[in-house]
Amino acid sequence: MSSSITSVLTENRSFPPPKEFSAGAKVGSMADYEALYRRADQDPDGFWGDVAGELAWEKKWSRVLDWKLPDARWFVGGALNLSVSCLDRHVSTWRKNKAALIWEGEPGDSRVLTYGQLHREVCKAANALTALGVKQGDFVAIYLPMVPEAVIAMLACARLGAPHTVVFGGFSAEALADRIKDAGAKIVITADGGWRRGAIVPLKDNVDRALEGSSVQKVVVVKRCANQVAWRDGRDVWWHDVVDKASVKHEPKAFDSEHPLFSLYTSGTTGKPKGILHTTGGYLTGAYYTTKMVFDLRDDDIFWCTADIGWVTGHSYVVYGPLANGATVLMYEGAPNQPGPDRFWDIIAKWGVTVFYTAPTAIRAFMRWGDEWPAKHDLSSLRLLGSVGEPINPEAWMWYRKQIGADRCPIVDTWWQTETGAIMISPLPGATPTKPGSATRPLPGIAADVVLKDGTPCKANEGGFLVIKKPWPSMLRTIFGDHDRFQKTYFGEVAGVYFAGDGARKDEDGYFWVMGRVDDVINVAGHRLSTMEVESALVSHPKVAEAAVVGRPDELKGQAIVAFVTPRQGFVADDALAKELREHVSAQIGALARPEEIRFAEALPKTRSGKIMRRLLREVASGSKARGDTTTLEDQGVLEKLAQSFSNED
Ligand code: WTA
C-alpha cells in the first residue's frame, strides 16, 4: 500500500471541479474564493456579521466580536433562540411541508418528518421537559441511538436554553457516569435500546448502572426496541408518556448569543476527557455557514452525514448545520454492514441521497469489502462526497472518487475538531481543485497557518504546528469547569494563537496537508482517544502494575491501540490476562478503546527522571507490525520531531 501512496503523491495529481458543478455553485472559481477570503480577512466583523444576519435573531448584536485572548464573545448583546433558526422560520415558508428528516432504522423501518412535524415534536418535547423541571441553564445528558428523538431532544434542549451533553451510545456505563457527573446533568434522556449489527445496545441498563448514587432526578426513556428494561418508579418516565400528550405550542424565549448551547466531551492529553463548551450564536453561525458553503447546499439536496450524534460531526452536520439551512437530512440508525456490506449504497439509491459525508475509516472498510457492493446500486443521485475525522490516504480518496463518485463528484476533505465547532479547512466544491489527501485551503474567515513553535510561519512543505491566528464564531469558549486548562491547552503552546494538537505542512500552492496529532491523542477509526485515558483504565485493573499505551499505524482504523503492560507480582502474563484486560478497558471506556494488542513487559523503558519513553514504545509497536500506512510515510518522521518540541511530550 505504501508504494502506491507514494506514487500518487509524487504525481501530486490535482482534480479541477467539474464545469457543470462550478456553473451553479455558490463559489464557482478560485478567483471568487480568493476575493471572499480577502474580504473576510480584511473585514472580519463585516463578513461574520453578514453570515450571522442570515439567521433568525430576536435582538441584533451591538458588536460582532469582543476578543481578549483567550476569551471571545461573538455577536455581543444579540439574542436568539437557536431552534427558531432551525425550525420556526422554515415552518412559516413553503418548507413547512418539506422533509426535514428522513430516518431509516437498522431493521429497515423508516420515518419521515417534515419541518412542520419536526417543529411540533420539538415543541412537545420542550413542554414535556419543562414539566419535568428542566429550566434554562440546566444540563441535560442525552444517551440515545440514532433515532429521530435524538434530534428532537437536542433541539428541545436548545429551545429551552438547557445545554445538552450528548454521550455516544458506544461509551460504557462508567464513561457515561463520568460525563453526567462532570456536567452536573439533572436529567438523562435515553432509550430502551438501539439496533446495532442486529443486536440491541442496552442503553437503559448502562444508564441505570451509571446513575448508582447519582443525584439525577429524571430519566426519560424512548421506546425503540420493545426491550425489557428495569424501571425505577418516580425517576424513570417513558418519552411517549410525557411527550405525546404535551402541547404542540411552545413560545421560544430568546437567549443571549453567548448562552451555553452544549458541552461535548473529547479526549485530550490527560486521563480525563474534557467538556468542550460551545455557545449559541457563534456556534450556529459556524455550523450554518460551513454547511452552506462546503456542501454547496441546495434546496433539493438530500444530505447524509453518517456520523453519530454523539460526536461533534453529528452535532454540526446531522442536526444544526443542515436544519439551519432548511435542508433535508438523512439519518440512519445502524451499522454499514447490516444486513450486508452494501447497506449504505442501498440507502443512497433508495432515498436519492445527493451529498454523502463520511469518515476515511469507513471508506477503507468499503474498499476492503470490495467494489462489487457499491456497483450493485444506482448511485447516480450523488453529486458531492465528503470526508472527515482523520487524514485520508490518497489511495482511499481515489477509490472514493471512482467507485462511489463515478469520477464525477467532487470530494471535500474537511479538517476541523470538536473545539472548532465547524469545518475550518476544506475545498469549496465549485472552486477548489482538489489533491488526494489534502484538505486544501482554509475557508474564508479562517486564518489557518502552519508555524514553528515560536510562531514563525513555516516555509513551503516544512512541517509545523497547525494554528488558527484569529478567533472564529464557532470556537470553543472554555473547557467546562476548567478555564485554566482551556487557556493552557489551546493558547499556551504557540504564543497568541489557537493550537489544538495537529502537525501539518503547507505545499507550494498553500494547500494544507494534515499529518496527525503531535500530542498524546490517538485517532482510532476516526474516534479521538487519549493514551492516558486508556492507561488509567488499564492500571485500575487489580492485576496491572503499570501500563503505557501508544498508537501504531493501522491500515483500516488509521491508528490501532497497543498497550504495554507490566502485571503485578504473582500474576501470569498470558492470553487469558490479555483478554481480561481488553474487556476491562471496554467496560471502563467503551469498545472503541479496546486495545488491539496487549504486550506484556517486565518493565517499561523510562528516562532517568522516571518518565515512560513513549516514542521508543511507538517505534516498537509500529516496527515489524506496520503493515502499510495511512498517512504519508515521509511525514511520520516530521511528526515525531514536532512531537518532541510539544510540551506534553516526554
Ligand atoms: C483529526 C472531528 C486530517 C485531527 C471533526 C483533529 C483530521 C481531530 C481531519 C479532531 C481531516 C479531523 N484530515 N485530520 N480532514 N478531520 N482530523 O475532535 O487530528 O473528533 O485534530 O473532530 O481529528 O477530532 P474530533
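The centres of domain 1 and domain 2, taken over C-alpha atoms, are separated by 35 Å in this predicted model. Domain 1 spans residues 114–256 and domain 2 spans residues 521–649. The points below cover the contact between these domains, the nonpolar cores, the ligand site and the surroundings of Tyr 490.

**Domains and nonpolar cores**

- Contact between the two domains involves six residues of domain 1 and eight residues of domain 2.
- The largest nonpolar core holds 166 residues, and the members that touch the most others are Leu 155, Phe 295, Tyr 320, Leu 323 and Leu 538.
- Helix H7 (residues 148–160) is the greatest contributor to this core, supplying 10 residues.
- Because domain 1 (114–256) and domain 2 (521–649) both give residues to this core, it lies between them.
- Phe 295 contacts Thr 290, Asp 301, Phe 303, Tyr 317, Val 355, Tyr 357, Arg 383, Leu 384, Val 412 and Ile 423, with neighbours within four places in sequence left aside.
- A second core, separate from the largest, has 27 residues, including Trp 345, Ile 347, Phe 356 and Cys 409.

**Ligand site**

- The ligand is surrounded by 17 residues, of which Asp 413, Thr 414, Thr 418, Asp 502 and Arg 528 come nearest.
- At least two residues of the shell around the ligand come from each of helix H12 (312–324), strand S20 (411–414) and strand S25 (512–517).
- Asp 413 places a polar side-chain atom 2.8 Å from a nitrogen atom of the ligand.
- Two further residues approach a ligand nitrogen atom through a backbone N or O atom: Gly 389 at 3.1 Å and Glu 390 at 3.4 Å.
- On its own the ligand has 520 Å² of accessible area, and the protein covers 95% of this area.

**Surroundings of Tyr 490**

- Tyr 490 belongs to helix H17 (residues 483–491).
- With a relative accessible area of 1%, Tyr 490 falls under the 20% limit and is therefore buried.
- The side chains of Tyr 490 and Lys 274 form a polar contact at 3.0 Å.
- Residues up to four places away in sequence not being counted, Tyr 490 touches Lys 274, Ile 276, Glu 419, Leu 476, Ile 479, Val 497, Tyr 498, Phe 499 and Ala 500.
- The C-alpha atoms of Tyr 490 and Gly 501 lie 8.4 Å apart in space, and the two residues are 11 residues apart in sequence.

Methods: Residues numbered from 1 in each chain as written. Predicted model: local features only at pLDDT ≥ 70, side-chain atom pairs only at ≥ 80, totals over all residues. Heavy atoms only, no water. Core = buried A, V, L, I, M, F, W, Y, C linked by side-chain atoms within 4.5 Å. Buried < 20%, exposed > 50% of the residue type's maximum accessible area, 1.4 Å probe, protein only. Helix = DSSP H or I, 4+ residues; strand = E, 2+ residues; numbered from the N terminus. Domains from an automatic or database assignment. Contact = heavy atoms within 4.5 Å. Near = heavy atom within 4 Å. Polar contact = N/O pair within 3.5 Å; in protein donor to acceptor, adjacent residues only side chain to side chain. Areas by Shrake-Rupley, 256 points an atom, 1.4 Å probe, with all protein chains shown as cover.
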